[in-house]
Amino acid sequence: MSTNVKAFGTEAADADLQPMNIDRRDVTPQDVEIEILYCGVCHSDLHTARNDWGGSKYPSVPGHEIVGRVTKVGSEVTKFKAGDLAAVGCMVDSCKTCDNCKQDLEQFCLNGFTGTYNGKDRHSGGHTFGGYSEKVVVDQHFVLKVPENLDLAAVAPILCAGITTWSPLRHWKVKEGSKVAVIGLGGLGHMALKLAHALGAEVTLFSRSAGKTEEAKSLGADNVIISTDAGQMNSVRGKFDLIIDTVPYVHDLNPYIQTLHTSGTLVLVGFLGNLEPMLNTAPLILGRKSIAGSLIGGIAETQELLDFCGQHNIVSEIELIKMQDINQAYERMLKSDVRYRFVIDMQSLKN
């Protein structure tokens, strides 16, 4: 059994997003039904809608930064009740039985996690639809609690941009006194600055523009290094324990490797694809330095992040838009014309 709900999506890679209707399953014993109040807009939404990565399934309804309120729960649900605030991030299911799932690493499910959109729906056999819609029905294990004290609209990007930067900060054990650098001040980068600062690290932003200095410092950066200035780059040679690289396009990593301390790590969270130009391995070998990658976080780690944000009053910097403005928002995203994340007021879908 299912319920037909309003949504916004696209029927083809070259078509604008527009109103449509989709089916949501009725709640099973383990399910939570959520009325969606806000949904963040991620670059992944645009890439999937336009089939930039290949493999997009149509009709496509993006959106994996979901904040809302519980409207119904299944008979076996123990974590939520109707009226609770709730959130859903990039995953709505996994096998739950593999070694990674058992270690709360559902994002690395050995049998493949189910994406909130464009994933293989383990219930219907079709594909999943995301948060650009009135409501969503999700297994309680993949539903998160939202601190009551936070701005709900500004919480939404924490479910992707936040956890994408939090996970490497936690995995590489960033703490008070750690020296952390962030490459790129955007949706991911601004969250990395806030979170690393709140963990007590000394935080540096690598930027190509001197005009971002004051903004970066207001977000938690202690220093800003202009990456095109050889003198400034040399001044931080061998300094950083961890560099979080949020840049979503091909760029040269070699200059940044020189700024890692012995045993330091540069972790890629923004770019998928082949590295160009070729990586010089000499500084890696001579300094036991590492290049690594990181995805989002597991459900337990994402809940840890939300709780941390509640304790430290951390949310994303957002621009609130109407659902009907999503195509213009996509065009603006391509021009980096957003500070720093669009969030959709889903009430607009009902108008």
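The questions and answers below take up helix 5, strand 13, a cavity and a pocket of a predicted model.

Residues are numbered from 1 along each chain as its sequence is written, and side-chain values use heavy atoms, with hydrogens and water left out. Because the model is predicted, local features need pLDDT of at least 70 and side-chain atom pairs count only at pLDDT 80 or more, while totals for chains, interfaces and linings use all residues.

Q: How far apart are the end C-alpha atoms of helix 5 (residues 187–198)?
A: Helices (H or I, at least four residues) and strands (E, at least two) are DSSP runs numbered from the N terminus, and the expected span of a helix is 1.5 Å times one less than its number of residues. For the twelve residues of helix 5 this gives 16 Å, which agrees with the distance between its end C-alpha atoms, 17 Å.

Q: How many residues of helix 5 are buried?
A: Buried means under 20% relative accessible area, with a 1.4 Å probe and protein chains only. The buried residues include H190 and K194, and what covers the buried residues, by contact (heavy atoms within 4.5 Å), includes helix 4 (161–171), helix 10 (299–312) and strand 17 (341–345). Helix 5 is largely enclosed by the rest of the structure, because the buried residues number ten of the twelve.

Q: Which residue of strand 14 (residues 260–268) stands opposite I244?
A: Strand 13 (residues 240–245) has five of its six residues buried. Two strands pair if DSSP finds at least two bridges between them; four bridges join strand 13 to strand 10 (residues 179–183), in parallel, and five join strand 13 to strand 14, also in parallel. In the pairing with strand 14, the residue opposite I244 is V267.

Q: What is the volume of the largest cavity?
A: On a 1 Å grid over the protein atoms alone, a cavity is a set of points where a 1.4 Å probe fits but cannot get out, a pocket is an open set with protein on both sides within 12 Å along at least five of seven lines, and lining residues have an atom within 4 Å of a point. Grid points are joined across faces, edges and corners, and a volume is the space filled by probe spheres set on the points. The lining of the largest cavity includes F142, L144 and I296, and the volume is about 70 Å³.

Q: Which element gives the largest share of the lining of the second largest pocket?
A: This pocket holds about 340 Å³ of space, and R24, R25, D121, S124 and T128 lie nearest its centre among 18 lining residues. The largest share of the lining, four residues, comes from strand 8.

Notes
Buried < 20%, exposed > 50% of the residue type's maximum accessible area, 1.4 Å probe, protein only.
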